[in-house]
Amino acid sequence: MTNEFTPPKVWKMEDENGGKWASINRPDSGARFDKVLPKGKHALQLYSLGTPNGQKVTIMLEELLAAGVTEAEYDAYIINIGESDQFSSGFVAVNPNSKIPALLDNTTDEPINVFESGAILVYLAEKFGHFLPEELASRTQVMNWLFWLQGSAPYLGGGFGHFYAYAPEKFEYPINRFSMEAKRQLDVLDKQLANNQYLAGDEYSIADIATWPWYGNLVLGNLYDAAEFLDVESYPNLLRWAKEIEQRSAVERGRIVNRSWGEEWEQVPNRNSAEDIDKALNLKPKV
């Protein structure tokens with residue numbers, strides 16, 4: 001192998017390593033500037049971006065509203081990670097890890113901050129009593145698949161997605177390495193869905209809500225433009241599941257919140273009421 005890299009004894013950041021997000025990556029944490037977060041009228045305040053991790057929470061909130069849980073009304077404000085919004089003092093106070101999404105629940109005497117997308121889904125499911133079974137065996141299956149997603153998605157996003165779609169140069173070794181793992185994960189999902197309507201059985205749950213923005217979007221061609229490369233047609237059960245969930249009204253609504261790119265009808269940068277989403281979807285071409 002030519003141009004082989006020899007790691008130094010002690011790593012130090014000297015230059016940006018290139019790629020789409022290089023300008024915001026640093027090896028330290030904490031606030032970089034002072035800025036107060038906006039606040040709306042609802043008890044639930046979400047600070048996020050319409051990436052797969054952000055879509056998990058907005059889909060969950062829209063599913064709760066569709067289920068008649070009016071207490072799940074929320075304000076959602078966009079956090080532009082390309083502009084380093086996640087490093088403001090206000091955001092760091094809600095999530096010291098400076099990653100979207102982050103939720104603030106003001107229904108208690110002292111506001112509760114919730115961060116990490118999986119933790120937010122569990123919090124909302126337990127708070128409102130939806131999409132997480134109470135019976136031990138069923139609940140365990142949902143949690144199995146939720147934790148599977150939380151552990152697997154970084155290989156898809158930070159691994160395959162980074163080297164296939166975002167890295168400044170294409171390198172054979174990391175693309176092959178993470179393509180192999182991405183396809184293994186797709187196979188795991190396809191085999192599980194061969195005998196189950198949803199990931200944890202016959203009931204739609206937070207496991208599906210967490211997984212669809214990553215693997216559903218991937219096989220539907222909405223993520224990394226990699227559907228052909230990964231031969232997603234060879235996973236028919238996963239495709240069936242992805243298309244079925246895509247048709248849910250709450251998924252259509254939630255996936256466009258905190259989004260400022262794509263078609264005009266796909267963009268709801270900030271959401272303060274249901275009408276904000278309605279206005280955007282009204283622009284969608286009729287089939």
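In this predicted model, strands β3 and β4 form a hairpin. Six residues lie between the two strands. Strand β3 spans residues 102–105, and strand β4 spans residues 112–115. The pair runs antiparallel and is joined by four bridges. Within this pairing, A102 stands opposite F115 of β4.

A second pairing involves β1 and β2. Strand β1 covers residues 44–48, and strand β2 covers residues 74–78. Here the sense is parallel, with five bridges between the strands. L44 has Y74 as its bridge partner in β2. Strand β1 is mostly covered, with five of its five residues buried. L44, L46 and S48 point one way from the strand. Q45 and Y47 point the other way, and these too are buried.

Helix α7 comprises residues 236–246. Its residues L238, L239, W241, A242 and I245 are buried. These residues lie on the same side of α7, because the arc they cover around the axis is only 165°. The buried residues pack against three helices: α5, α6 and α8. Of these partners, α5 spans 172–193, α6 spans 206–219 and α8 spans 249–254.

Helix α5 also contains V188. This residue has a relative accessible area of 25%. V188 is therefore classed as partly exposed, since buried residues fall under 20% and exposed residues over 50%. Leaving aside neighbours within four places in sequence, V188 is in contact with W145 and W148. L132 is separated from V188 by 56 residues in sequence. In space, the C-alpha to C-alpha distance between V188 and L132 is 22 Å.

Helix α8 reappears in the second largest pocket. The volume of this pocket is about 200 Å³. Helix α8 supplies the largest share of the lining, three residues. The lining residues are W212, N222, E246, Q247, R248, S249, V251, E252, R255, W265, E266 and K284. By character, six of the lining residues are charged, three are polar and three are nonpolar. Among the charged residues are E246, R248 and K284. The nonpolar residues include V251 and W265, and the polar residues include N222 and S249.

Conventions: Residues are numbered from 1 along each chain as its sequence is written. This is a predicted model: local features need pLDDT of at least 70, side-chain atom pairs count only at pLDDT 80 or more; totals for chains, interfaces and linings use all residues. Side-chain values use heavy atoms; hydrogens and water are left out. Buried means under 20% relative accessible area, exposed over 50%, partly exposed in between (1.4 Å probe, protein chains only). The arc is that of the directions from the helix axis to the C-beta atoms. Contact means heavy atoms within 4.5 Å. Two strands pair if DSSP finds at least two bridges between them. On a 1 Å grid over the protein atoms alone, a cavity is a set of points where a 1.4 Å probe fits but cannot get out, and a pocket is an open set with protein on both sides within 12 Å along at least five of seven lines; lining residues have an atom within 4 Å of a point. Grid points are joined across faces, edges and corners, and a volume is the space filled by probe spheres set on the points.
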